[in-house]
Amino acid sequence: MKPHITLGIETSCDETAAAIYSSEQGILSNVLFSQIAQHHRYGGVMPEIAARSHLEKMPLIIEQALQKANCSLNDIDAIAVTYKPGLPGSLLIGLCFGKAMAWAADKKFIGVNHLEGHAFSALIENNVPFPHLCLTASGGHTSLYLMHGPGNYEVLAQTRDDAAGEAFDKIAKLLGLGYPGGPIIEKLAHEVNFKDFFHYPRNNPAMIDFSFSGLKTAVLYNLVAQGICDLSTKQLTVDAAHLHKIQQEVASSLLVCIADIFKQKVLLALTHHHVKALTFVGGVACNKYIKNELAQLCKKHNLLFFAPSAQYCTDNAAMIAFVGNYKAQQNKFSDWSLDILE
Ligand code: KG4
Ligand code: ZN
């Protein structure tokens, strides 16, 4: 492998991120500006606010990534940028910026699929053997991949509707909690020891694809049946004294249900594919309860289990630089005409 330094740029959603990866020393810097505070009041990401914020922050974030890595633009061999999937306005800012930088500084240019970034993120810190299964769960995507080698993988399952993170976010909104929902749901579930109060419906056991939109409806109808939610306005009608208790019980039942669905899909995939390990990646992989459940399942089936540290679970540019590096090693560069894909 020839020594190679890659600058990674990620702007697919609400994080403006840049990172430097060295093929000899690994991650040299990983810088991120999170827009969560700007979107919090809307209970989700506002695309135009996201794009404008990327435009404002991009130069500063790249400068910081170079400084922290003790690099100048001269030391960089290639610039890798997320070009799909994501919010169009957000993707356009990152792609234009990365392309312009690479063109002006005469660097190689590599478009990276954000999902490939997540799928290989567990390899940044760990020597994960191939073949392995990769469960990716974020706010926009939930997939199960069979990973054969760097850049070589196949999709075994995808979500038919909502992503797992989206289910956490939407149900958190219904409960009057903030955004992003995942961490708040985890905290509330921990307070009541991850008990399965309402046992929401799991997926059809024979179906490899994921489905989470029914779960959102199940939570709503269960609250309506308890007489504590108005179906037409989707507003909780419970008094302040009981609000926290119901938030805890829904949060806990939801988390246990999503963990069960994940385990069910992994087990189904294991009946068809012989693998050495399971990786769990994406924003939802920050969740300690789900990680522990999956780790136990792996132990039972003699599989290794890996999840990246939190900084590489949620959106980041380190994973984009990492994928960019192995694409560069394989001479897989992109054309200047590369466009974004939603
Ligand atoms: O990967 P990511 O940062 O962005 C996307 O590509 O979507 O994932 C964000 C998602 C959000 O839906 C958030 O609620 C979820 O990850 N998330 C969690 C936790 N931390 C973040 N979900 C469950 N438990 C967590 N601790
Ligand atoms: Zn992501």
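This passage describes the surroundings of ligand 1 and some local features of the backbone in a predicted model.

The space that ligand 1 takes up is the largest pocket, and the shell around the ligand draws two or more residues from each of three elements, namely α4 (114-119), α5 (164-174) and α6 (181-191). Of the elements, α6 makes the greatest contribution to this shell, giving 4 residues. Because residues of the shell come both from domain 1 (5-122 + 314-329) and from domain 2 (129-307), ligand 1 lies between the two domains.

In total, 20 residues surround ligand 1, and the closest of them are Gly139, Asp169, Glu186, Asn287 and Asp315. When the residues of the shell are divided by character, 11 are polar, 6 are nonpolar and 3 are charged.

Polar contacts with oxygen atoms of ligand 1 are made by the backbone at several glycines. At glycine 139, a backbone N or O atom lies 2.7 Å from an oxygen atom of the ligand, while at glycine 140 a backbone N or O atom is found 3.3 Å from a ligand oxygen atom. A polar backbone atom of glycine 165 is likewise placed 3.2 Å from an oxygen atom of ligand 1. Taken on its own, ligand 1 has 550 Å² of accessible area, of which the protein covers 91%.

The backbone geometry also calls for comment, given that most peptide bonds are trans and that most residues other than glycine have a negative phi. Phenylalanine 130 and proline 131 are joined by a cis peptide bond with an omega of about -5°, and proline 131 is situated in the loop between α4 and β6 (132-137). A cis peptide bond also leads from tyrosine 179 to proline 180, where omega is near -5°; proline 180 belongs to the loop between α5 and α6, and both of these helices are among the elements that give two or more residues to the shell around ligand 1. Lysine 234, a residue other than glycine, has a positive phi, with a value near 55°, and is located in the loop that lies between β9 (229-230) and β10 (235-236).

Terms used:
Residues numbered from 1 in each chain as written. Chains lettered and ligands numbered in written order. Predicted model: local features only at pLDDT ≥ 70, side-chain atom pairs only at ≥ 80, totals over all residues. Heavy atoms only, no water. Near = heavy atom within 4 Å. Polar contact = N/O pair within 3.5 Å; in protein donor to acceptor, adjacent residues only side chain to side chain. Areas by Shrake-Rupley, 256 points an atom, 1.4 Å probe, with all protein chains shown as cover. 1 Å grid on protein atoms, 1.4 Å probe; cavity = no way out; pocket = protein on both sides within 12 Å on 5 of 7 lines; lining within 4 Å. Sits in = over half its atoms within 2 Å of the grid points. Nonpolar A, V, L, I, M, F, W, Y, C, P; charged D, E, K, R; others polar. Domains from an automatic or database assignment.
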